[in-house]
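Here is a short tour of the side chains in this structure, arranged by topic. Keep the viewer open as you read, and follow along residue by residue.

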Amino acid sequence: MQRDVFQAVADPTRREIIDLLAGQYLSVNEIAGNFAISRPAISKHLKILDECGVLTIKEKGRKRLCRTDVRKLKELAEWVNQYRVFWNSKLDALEASLLKEDKTK
């Protein structure tokens, strides 16, 4: 099944994993040690993150080392930014209108 980046960030645990793995490689056991849920549950989250393209996994001996791949997150940030620009301009126009209305009273 093809997943998108929105599924990666939809879950709070996955967001925490993304933050934890930003800028560093950790093994699955090291990741699991940071959470109060089972290792199989962490593995399931890691699988989803991998399928969404926000995780880089490399094999080192018997260990699987994981790290956040920010390229997909940058795509998400760019998509969200277009709405931020739109809404900021609308809110600025509303503020100007309200200030103008205040002055006429």
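At 0% relative accessibility, Cys66 is a buried residue, and that makes a good starting point. Please keep in mind that this is a predicted model. From Cys66 we move to the nonpolar core, then to the aromatic rings and the charged side chains.

**Cysteines**

- How many disulfides does the structure hold? The count is zero.
- The reason lies in distance: the sulfur of Cys66 has its closest cysteine sulfur in Cys52, 14 Å away, which is too far for a bond.
- A disulfide would need the two sulfur atoms within 2.5 Å.
- Cys52 is buried as well, with a relative accessible area of 2%.

**Nonpolar core**

- In soluble globular proteins, nonpolar side chains tend to be buried together.
- The largest nonpolar core here has 21 residues, and the members that touch the most others are Ile17, Leu21, Ile31, Leu46 and Leu49.
- Two or more residues of this core come from each of α1, α2 (12–20), α3 (28–32), α4 (39–51) and α5.
- Which element gives the largest share? That is α4, with four residues.
- Leu46 is a good residue to click on: beyond its neighbours within four places in sequence, it is in contact with Ile17, Leu21, Val28, Ile31, Leu55 and Cys66.
- Cys66, the buried residue we started from, is thus back in view as one of the contacts of Leu46.

**Aromatic rings**

- Searching the whole structure gives three aromatic pairs.
- One of them joins Phe6 and Trp79 edge-to-face, with 5.3 Å from centre to centre and 80° between the planes.
- This pair links distant parts of the chain, as Phe6 belongs to helix α1 (residues 5–9) and Trp79 to helix α5 (residues 70–104), 73 residues apart.
- Are these two rings buried or exposed? Phe6 is partly exposed, at a relative accessible area of 39%, and Trp79 is partly exposed too, at 43%.
- Tyr83 joins Phe6 and Trp79 in one aromatic cluster.
- Elsewhere, look at Tyr25: the charged end of Lys58 sits over its ring, 4.3 Å from the centre.

**Salt bridges**

- Side chains of opposite charge can pair when their charged atoms come close.
- The count for this model is four salt bridges.
- Asp69 and Arg71 meet through their side chains, at 2.6 Å from N to O.
- Asp69 in this bridge is buried, with a relative accessible area of 13%, whereas Arg71 is exposed at 59%.
- Salt bridges with shared partners also join Arg3, Lys47 and Glu51 into one network.
- Within that network, the side chains of Lys47 and Glu51 form a salt bridge of 3.9 Å, N to O.
- Lys47 and Glu51 are four residues apart in helix α4, so about one helical turn separates them.
- Lys47 is exposed at 52% relative accessibility, and Glu51 is partly exposed at 29%.
- Glu59 and Arg64 form another salt bridge, with their closest N and O atoms 4.0 Å apart.
- For this bridge, Glu59 is exposed, with a relative accessible area of 55%, while Arg64 is partly exposed at 36%.

Technical notes
Residues numbered from 1 in each chain as written. Predicted model: local features only at pLDDT ≥ 70, side-chain atom pairs only at ≥ 80, totals over all residues. Heavy atoms only, no water. Phe/Tyr/Trp six-rings, centres within 6.5 Å; stacked < 30°, edge-to-face > 60°. Buried < 20%, exposed > 50% of the residue type's maximum accessible area, 1.4 Å probe, protein only. Lys NZ or Arg CZ within 6 Å of the ring centre and 35° of its normal. Core = buried A, V, L, I, M, F, W, Y, C linked by side-chain atoms within 4.5 Å. Contact = heavy atoms within 4.5 Å.
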